[in-house]
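Me: Pick one part of this model and give me a close look at it, please. I'd like the cut-offs spelled out as you go, and a word on how far to trust the rest.

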Amino acid sequence: MIGALILGFVGSFHCIGMCGPIALTLPVQHLEGYKKMAGILLYNAGRITTYALLGMIFGWVGRQLYLGGLQQWLSIGIGVVLLLAVLLKYTGASGTKSSHLPGIYLTKIKSALGALLRQQKFSTLYGIGVLNGLLPCGLVYLAIAGAVATGEVWKGSLFMAAFGAGTLPAMTTVAWFSHLVSIGIRNRIRSLIPVVVGVMGILLILRGLNLGIPYISPVMSSHSEKVVERCCHKP
């Protein structure tokens with residue numbers, strides 16, 4: 001889960017560029033003190049809720065693959081995909097932009113989000129955060145890949161929640177202090193994103209190799225192997 005926190009923190013400076021305009025238009029700028037902070041946290045709680053729910057869904061997907069005995073190949077495959085994403089996207093080798101969700105879905109999310117923002121009400125902050133979490137984002141996709149690799153519903157949810165918590169400091173700062181974080185600082189920290197993604201990819205590959213290294217590459221037994229083992233140990 002530490003990797004999810006780090007990915008969220010480093011990636012949050014990318015989020016400022018993407019979601020910063022939403023954070024700057026939240027109906028909290030007229031508030032002061034704890035009321036303003038409560039509103040900002042409510043908005044971010046909505047985002048993290050969406051991430052946690054996505055983690056549950058994709059953790060379940062990973063669980064089905066685990067039950068099929070594919071968890072090793074799943075971990076290695078996701079690790080390879082992350083490394084390829086770094087090579088193609090961050091070295092300029094890719095000539096195409098990252099794919100987007102279908103236009104109809106995106107239009108509906110943006111429409112609902114815009115409707116809530118126009119109301120400028122404190123009561124809409126949580127809903128704004130929930131919808132914000134559904135907007136297309138490459139870093140969220142990477143976090144979802146990590147959630148799938150956990151192979152558990154609750155672990156997937158926790159992984160995504162940790163990712164959301166990692167984005168909290170930067171997103172809270174931009175909503176509270178507006179343009180306090182300069183473009184130069186953001187760009188320097190964003191340059192760490194390929195490093196973090198690459199490290200995650202390597203760790204996932206090592207995890208799938210079953211090298212017997214505690215915490216890094218523990219031995220993973222398939223579901224069928226565990227069932228056989230339990231049956232063999234029955235008196």
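Reply:

**Around helix α2**

Start with Thr 50: setting aside neighbours within four places in sequence, Thr 50 is in contact (heavy atoms within 4.5 Å) with Gly 129, Val 130, Gly 133 and Leu 134. Residues are numbered from 1 along each chain as its sequence is written, and side-chain values use heavy atoms, with hydrogens and water left out. Keep in mind that this is a predicted model, so local features need pLDDT of at least 70 and side-chain atom pairs count only at pLDDT 80 or more, while totals for chains, interfaces and linings use all residues.

Thr 50 sits in helix α2, residues 33-67; helices here are DSSP runs of H or I, at least four residues, numbered from the N terminus. Its relative accessibility is 5%, so Thr 50 counts as buried (under 20% relative accessible area; exposed is over 50%, partly exposed in between, with a 1.4 Å probe and protein chains only).

Further along, Arg 63 makes a salt bridge with Glu 152, with 3.1 Å between the closest N and O atoms. Arg 63 belongs to α2 and Glu 152 to the loop between α6 and α7 (153-177), so the pair ties together parts 89 residues apart in sequence. The structure holds 1 salt bridge, meaning a side-chain nitrogen of Lys or Arg within 4 Å of a carboxyl oxygen of Asp or Glu. Both partners are partly exposed: Arg 63 at 23%, Glu 152 at 25%.

Now follow the Glu 152 side back to α6. Just after that helix, Gly 151 takes a positive phi of about 70°. Helix α6 itself covers residues 138-150, 13 in number, and reaches 19 Å from first C-alpha to last, close to the expected 18 Å (1.5 Å times one less than the number of residues). It is mostly covered, with 11 of its 13 residues buried, including Leu 139, Ile 144 and Thr 150.

As for trust, the average pLDDT (the predictor's confidence in each residue, from 0 to 100) is 79, and 77% of the residues score at least 70. Among the elements, helix α5 (residues 125-132) has the highest mean, 95, and helix α10 (residues 223-232) the lowest, 47. Over residues 95-99 the value drops below 50, and that stretch has 1 contact beyond near neighbours in sequence. Residues 223-229 also stay under 50, with 4 contacts beyond four places in sequence. Where pLDDT is low, don't read the predicted coordinates in detail.

Methods: Helices (H or I, at least four residues) and strands (E, at least two) are DSSP runs, numbered from the N terminus.
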